[in-house]
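Got the viewer open? Here is a short tour, one selection at a time.

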Amino acid sequence: LAQRLREQIVFHVVPMFNPDGVALGNYRTSLAGQDLNRCWARPDKMRHPEIYHAKKLLAELPNPAVLFVDLHAHSRLPDCFLYGWGARAPL
């Protein structure tokens, strides 16, 4: 199944939007102090470049993305959780 998926689907993986903030111990905020989880709808190119450019990349793909998965961990809870985005929702 995995081989068939790789043959038929292009996967774009962004490992982490916030490496500079996490390196400083910030769980939710970037190096600039911006909560990247709260600016997805209208990212500012200067204040939220991580989100702005990720959305630009998604918008410029030759074939539209049909699934977007945002994985998260919690500082005090085990395991992880995810948010999904479907193709019918606005990017």
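Start by selecting α3 together with α2 and β1 (67-73): the buried residues of α3 pack against those two elements. Keep in mind that you're looking at a predicted model.

Now narrow the selection to residues 49-59, which is α3 on its own. Show side chains for Glu50, Ile51, Ala54, Lys55 and Leu58, the buried residues here. Then turn the view until you look straight down the helix axis: these buried residues fall within an arc of 120°, so they line one face of α3. As background, an α-helix has 3.6 residues a turn, so residues three or four places apart point the same way.

Next stop: Pro43, in the loop between α2 and α3. Is Pro43 buried or exposed? Its relative accessibility is 18%, and because the cut-off for buried is under 20%, Pro43 counts as buried. Ask the viewer for its contacts, skipping residues up to four places away in sequence, and you should get His48, Ile51, Tyr52 and Lys55. Two of these, Ile51 and Lys55, you've already met among the buried residues of α3. If you want a distance to check, pick the C-alpha atoms of Pro43 and Leu58: they sit 14 Å apart in space, with the two positions 15 residues apart in sequence numbering.

Stay in the loop between α2 and α3, and select Ser30. With a relative accessibility of 3%, Ser30 counts as buried. What does Ser30 touch, once residues up to four places away in sequence are set aside? The list is Asn18, Asp20, Gly21, Leu36 and Glu50. Glu50 is another one from the buried set of α3.

Time for a charged pair. Select Lys56 and Glu60, whose side chains meet in a salt bridge, 3.9 Å from N to O. No need to hunt for others, as the structure holds one salt bridge. Colour the two by accessibility: Lys56 is partly exposed, with a relative accessible area of 40%, while Glu60 is exposed at 54%.

Now go to the N-terminal end and turn on a surface. Select Leu1, Leu5, Ile9, Phe11 and Val13, which form a nonpolar surface patch with about 550 Å² of accessible area together. Zoom in on Val13, in the loop between α1 (2-8) and α2 (19-23). It counts as exposed because its relative accessibility is 70%.

Zoom out for the whole chain. There are three helices and two strands, running α-α-α-β-β along the sequence. The C-alpha trace spans about 40 × 35 × 20 Å along its principal axes. What share of the 91 residues counts as buried? That would be 19%. The protein exposes about 7600 Å², with carbon and sulfur atoms supplying 59% of that area. If you plot a contact map, take the contacts with a separation of 6 or more: residues 24 or more positions apart account for 15% of them.

Last, colour by pLDDT. The average is 81, and 90% of the residues score at least 70. Which elements have the lowest and the highest mean? Strand β2 (residues 80-86) is at the bottom with 69, and α1 is at the top with 92. Where pLDDT is low, the predicted coordinates should not be read in detail.

How values were computed
Residues numbered from 1 in each chain as written. Predicted model: local features only at pLDDT ≥ 70, side-chain atom pairs only at ≥ 80, totals over all residues. Heavy atoms only, no water. Patch = residues over 30% accessible without salt bridge, like charges linked within 9 Å, V, L, I, M, F, W, Y side chains within 5 Å. Areas by Shrake-Rupley, 256 points an atom, 1.4 Å probe, with all protein chains shown as cover. Salt bridge = Lys/Arg side-chain N within 4 Å of Asp/Glu carboxyl O. Helix = DSSP H or I, 4+ residues; strand = E, 2+ residues; numbered from the N terminus. Buried < 20%, exposed > 50% of the residue type's maximum accessible area, 1.4 Å probe, protein only. pLDDT = per-residue confidence, 0-100. Contact = heavy atoms within 4.5 Å. Arc of directions from axis to C-beta.
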